[in-house]
Amino acid sequence: MRLTSFICVVTLILSSCQSNQHTKKANDDKRPNIVFMMSDDHAYQAISAYSKKLINTPNIDRIAEQGLLFTNACVTNSICAPSRAVLLTGKHSHLNGKIDNRFPFDTTQITFPQILHDAGYQTAMFGKLHFGNSPKGFDQFRILPGQGTYYNPDFITKIEGRIKVEGYTTDIITDMTLEWLEKDRDPEKPFLLMYLHKAPHREWLPAPRHYREFTKKTFPEPATLFDDYSGRGTAAKEAEMNLLAHMNWAGDSKIYPQLMDELGIPETANWDKKAFEREVGRQNAEQRAAWDEIYGPINENFKKNYPNMSQKELMSWRYQRYMQDYLGSIAAVDEGVGEVLDYLDASGLSDNTLVVYTSDQGFYLGEHGWFDKRFIYDESFKTPLVVKWPDVIKPRSINTQMVQNLDFAPTLLHAAGVNPPADMQGENLIPLFQGDTLGFRDAVYYHYYEYPAVHMVKRHYGIVTEEYKLIHFYDDIDEWELYDRKKDTQEMQSVYDDPTYQDVVKDLKEKLAELRVKYKDGEELDQHYINMYKEMGGK
Ligand code: SGN
Ligand code: CA
């Protein structure tokens with residue numbers, strides 16, 4: 001069905017529902033269900049629908065096969081809680097106020113789940129939110145406190161208060177989701193189900209069933225693993241997210257704290273060993289035994305080789321360790337996605353369900369020698385996005401437009417036949433779902449704030465078009481960078497000072513200024529948010 005006719009049907013049903021509440025029967029309501037699946041820090045490079053180099057993710061790929069793969073989806077501010085605030089409010093960080101992971105989300109704001117709930121949707125959320133407060137507009141939620149943990153997690157729940165559940169977090173979130181679908185779903189209402197994984201967030205702990213397979217693998221190194229950042233300005237050089245220099249030995253590479261002492265390896269951060277304890281220390285005896293069986297021999301080997309390893313060898317070793325755990329923790333996510341999709345198929349819900357799989361941002365998998373995100377450079381700026389919606393999206397569609405997480409709220413409201421509030425800033429992606437890309441935006445706006453803070457990525461904003469990326473780093477520096485995205489796909493050389501690009505710089509600066517006006521951002525707000533940090537003091 002084309003969308004226009006679809007929306008007519010929805011509108012008709014809506015008005016008949018409103019005037020005839022008491023006589024409504026099951027299945028009268030044809031508005032689509034929405035299953036919004038999101039993982040934390042899941043790089044598009046680690047989904048086989050995007051790239052087969054690192055991992056096979058057959059279930060996430062199924063969404064793309066049955067629907068649409070966006071090749072240029074991106075975020076507005078590449079960090080967890082801000083990205084989620086953008087998703088829920090449909091507004092850039094400078095307007096929704098959640099500029100970083102620290103300041104709490106202002107829950108007096110209207111979010112799209114609240115609007116759907118008011119419009120008659122049943123709503124549920126399971127997994128990671130990371131707001132420091134509970135979501136509004138949900139009939140049911142069980143969320144991880146803060147970042148959550150990989151084993152035997154605590155949950156903050158709507159009904160049972162704070163609970164602790166034994167097991168592996170990714171599987172628990174999947175089980176809660178399936179149980180809700182089976183037991184708590186109201187068949188008389190359409191639903192919004194948010195299925196939000198913690199994995200593959202740092203410290204990247206896989207499910208025990210995946211230890212063996214992934215720790216035996218060797219992964220191809222990215223071409224830019226040994227980047228010395230000479231092609232760009234100060235910000236990249238001063239960031240603290242290099243695999244060799246800034247990764248924790250115990251927390252991240254899973255070297256036992258006592259082996260670090262034996263080998264005389266100092267902690268990277270002063271919470272290096274604490275990070276290990278926080279995660280591995282949470283395992284029960286059985287989980288710990290399964291862990292030691294695999295990670296013990298890795299430590300033994302490292303003990304033998306470490307004294308003779310060069311810096312270059314150490315970098316390569318840390319890259320492999322990182323990828324083994326990061327990708328290993330994605331395996332359970334993909335299996336969980338498969339179980340939820342299977343349930344939707346088996347229960348007959350799939351036909352009228354819009355399914356989204358995305359991440360809260362991208363992630364560096366060794367590109368530029370990095371882990372983490374935050375920068376506007378591609379691997380963290382871009383995010384995976386696959387969507388299926390039978391009857392609206394043709395199977396195996398591909399879209400190359402620059403869509404943003406800003407677009408989710410208005411799009412999902414439109415899908416439900418509800419007009420988004422006028423102050424939401426995103427675009428409606430439904431025409432794109434149907435293959436109509438005419439007149440869609442040709443540039444996106446990005447703004448990152450969390451500085452000074454962990455990883456020390458400086459504040460910056462910028463404009464990205466299909467061809468170029470212009471970035472302004474500000475606050476304690478004032479530097480511009482320009483990348484030619486077509487000629488320099490790995491973003492290794494800023495051409496901001498290259499005389500042949502001066503017309504491009506001038507044009508993009510004008511466009512950037514226009515975007516700042518369009519989205520109601522500007523120097524006054526930049527300064528306001530800098531002052532907030534100054535008042536807070538320290539890192
Ligand atoms: C923690 C991580 C950082 C990460 C931030 C934000 N360190 O501080 O590496 O950048 O979260 O991540 S950790 O060792 O404590 O995990 S986010 O996904 O929540 O934005
Ligand atoms: Ca994240």
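This report covers the internal cavities of a predicted model and the setting of one aspartate.

**Cavities**

Searching the whole structure turns up two cavities of 30 Å³ or more. The table sets out their volumes and the classes of their lining residues.

| Cavity | Volume | Nonpolar lining residues | Polar lining residues | Charged lining residues |
|---|---|---|---|---|
| Largest | about 80 Å³ | five | five | one |
| Second largest | about 40 Å³ | eight | one | none |

The lining of the largest cavity includes the phenylalanines Phe 105, Phe 131 and Phe 138. Leu 88 and Pro 135 also line it. Thr 107, Gln 109, Thr 111, Gln 114 and Ser 134 are further lining residues, as is Lys 136.

Around the second largest cavity sit Phe 70, Val 356, Leu 385, Val 387, Phe 408, Thr 411, Leu 412, Leu 429 and Phe 433. Two elements, β9 (385–388) and α15 (408–415), each provide at least two of its lining residues. Helix α15 contributes the most, with three residues.

**Asp 252**

Asp 252 lies in the loop between α9 (243–246) and α10 (257–263). Is Asp 252 buried or exposed? Its relative accessibility is 1%, so Asp 252 counts as buried; the cut-off for buried is under 20%.

Which backbone atom does the side chain of Asp 252 reach? The partner is the backbone nitrogen of Asn 248, at 2.8 Å. Setting aside neighbours within four places in sequence, Asp 252 is in contact with Arg 202, Glu 203, Trp 204, Met 247 and Asp 325.

Definitions and conventions. Residues are numbered from 1 along each chain as its sequence is written. Chains are lettered from A and ligands numbered from 1 in the order in which they are written. This is a predicted model: local features need pLDDT of at least 70, side-chain atom pairs count only at pLDDT 80 or more; totals for chains, interfaces and linings use all residues. Side-chain values use heavy atoms; hydrogens and water are left out. On a 1 Å grid over the protein atoms alone, a cavity is a set of points where a 1.4 Å probe fits but cannot get out, and a pocket is an open set with protein on both sides within 12 Å along at least five of seven lines; lining residues have an atom within 4 Å of a point. Grid points are joined across faces, edges and corners, and a volume is the space filled by probe spheres set on the points. Ala, Val, Leu, Ile, Met, Phe, Trp, Tyr, Cys and Pro count as nonpolar, Asp, Glu, Lys and Arg as charged, and the others, Gly among them, as polar. Helices (H or I, at least four residues) and strands (E, at least two) are DSSP runs, numbered from the N terminus. Buried means under 20% relative accessible area, exposed over 50%, partly exposed in between (1.4 Å probe, protein chains only). A polar contact is a pair of N or O atoms within 3.5 Å; within protein, one must be able to donate a hydrogen and the other to accept it, and residues adjacent in sequence count only if both atoms are side-chain atoms. Contact means heavy atoms within 4.5 Å.
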